[in-house]
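Please walk me through this structure in the viewer. Tell me what to select at each stop and what is there.

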Amino acid sequence: MEQLQIQAVYLSFATRAFKMHAATNIEQIIQEAQTHNSQNDITGQLIYHGGVFIQLLEGEKSKVQRLLGAIACDRSRHENLTVLFHQPMQERVFSDWSMAYQELDNHSLDIVNSIVPWQKIIRASEEGETVTPDKIFMVFKGLRERL
Ligand SMILES: Cc1cc2nc3c(=O)[nH]c(=O)nc-3n(C[C@H](O)[C@H](O)[C@H](O)COP(=O)(O)O)c2cc1C
C-alpha cells in the first residue's frame, strides 16, 4: 500500500553557539540535509531569520516523522522546537528541492509580513496564537518565487 505523504512545519530557536558562526553552521546543515533528504525523497525549505528557524518538510509520513525526531534532538544547534502543524500532503511545494534555503533579506521579510507578520508566527509557537496552515503555506510559496 502506498504510504501517506505529509507536510510538517516547525519553528525553533538557534542556540548561542550556533549564532556565533551562523553562516558556516547553516551551510553544514544544508549539505547534510541535501544528501539525506534526497536519499529519502524528502523536500522542503529552511528559513532562517534573526536566530529563528522555520522549516517545511515534505515526504512519506514515517520518514518525515523520523527526521523531525532527529532534528528535535539536535540540541547543540537549536532549542524550543515547536511543530506548528502537520497534515496530509496534496502536492509538494518544493518538489525540485531536497532542501531549499533562504535567509530573509528585507524584501523577503516584506513578503512574509504582507502575508502574516513574522512576529505573529513566532508567537504562534510560544503562546499558542493561531496562524493557519494556509497562511504558512502562502509564506513558503511566496518565498519560493525568490529561489
Ligand atoms: C534547523 C535544522 C534543520 C535541519 N534540517 C535537516 C534536514 O532537512 N535533513 C537532515 O537530514 N538533517 C537536517 N538537520 C540535521 C539533523 O538535525 C541531524 O543532524 C541529521 O539528520 C543527522 O541525524 P542522525 O545523526 O540522527 O542521523 C537539521 C538541523 C537543524 C538544526
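The tour goes from the whole chain to the ligand and then to a pair of helices.

**Stop 1: the whole protein.** Keep in mind that this is a predicted model. Show everything as a cartoon. You should find 6 helices and 5 strands. Trace the chain from the N terminus: the elements run β-α-α-β-β-α-β-β-α-α-α. Now switch to the C-alpha trace, which spans about 45 × 30 × 30 Å along its principal axes. The radius of gyration is 14 Å; a compact globule of 147 residues would have one near 15 Å, so the two agree.

**Stop 2: the ligand.** Select the ligand and the 15 residues around it. Which of them come nearest? Label Ala 33, His 36, Ala 70, Asp 74 and Arg 77. Next, color by element. Helix H2 (22-39), strand S3 (52-60) and helix H3 (61-72) each supply at least two residues of this shell. H2 gives the most, with 5 residues. Then color the shell by class: 8 residues are nonpolar, 4 are polar and 3 are charged.

**Stop 3: helices H4 and H6.** Hide the rest and keep residues 106-115 for H4 and residues 133-144 for H6. Their axes come within 9 Å and cross at roughly 155°. An angle over 145 degrees counts as roughly antiparallel, and H4 and H6 are therefore roughly antiparallel to each other. Their crossing is right-handed. Turn on side chains for the contact. From H4, select Ser 108, Ile 111, Val 112 and Ile 115. From H6, select Lys 135, Met 138, Val 139, Gly 142 and Leu 143. What is the makeup of this contact by class? Between H4 and H6 it has 6 nonpolar, 2 polar and 1 charged residues.

Notes
Residues numbered from 1 in each chain as written. Predicted model: local features only at pLDDT ≥ 70, side-chain atom pairs only at ≥ 80, totals over all residues. Axes fitted to C-alpha atoms, helices over the stretch in contact; angles between N-to-C directions. Helix = DSSP H or I, 4+ residues; strand = E, 2+ residues; numbered from the N terminus. Parallel < 35°, antiparallel > 145°, perpendicular 65-115°, else oblique. Left-handed = near helix turned anticlockwise from the far one by under 90°. Contact = placed C-beta atoms within 7 Å. Nonpolar A, V, L, I, M, F, W, Y, C, P; charged D, E, K, R; others polar. Near = placed C-beta within 6 Å. Rg over C-alpha atoms; globule rule 2.2 N^0.38 Å.
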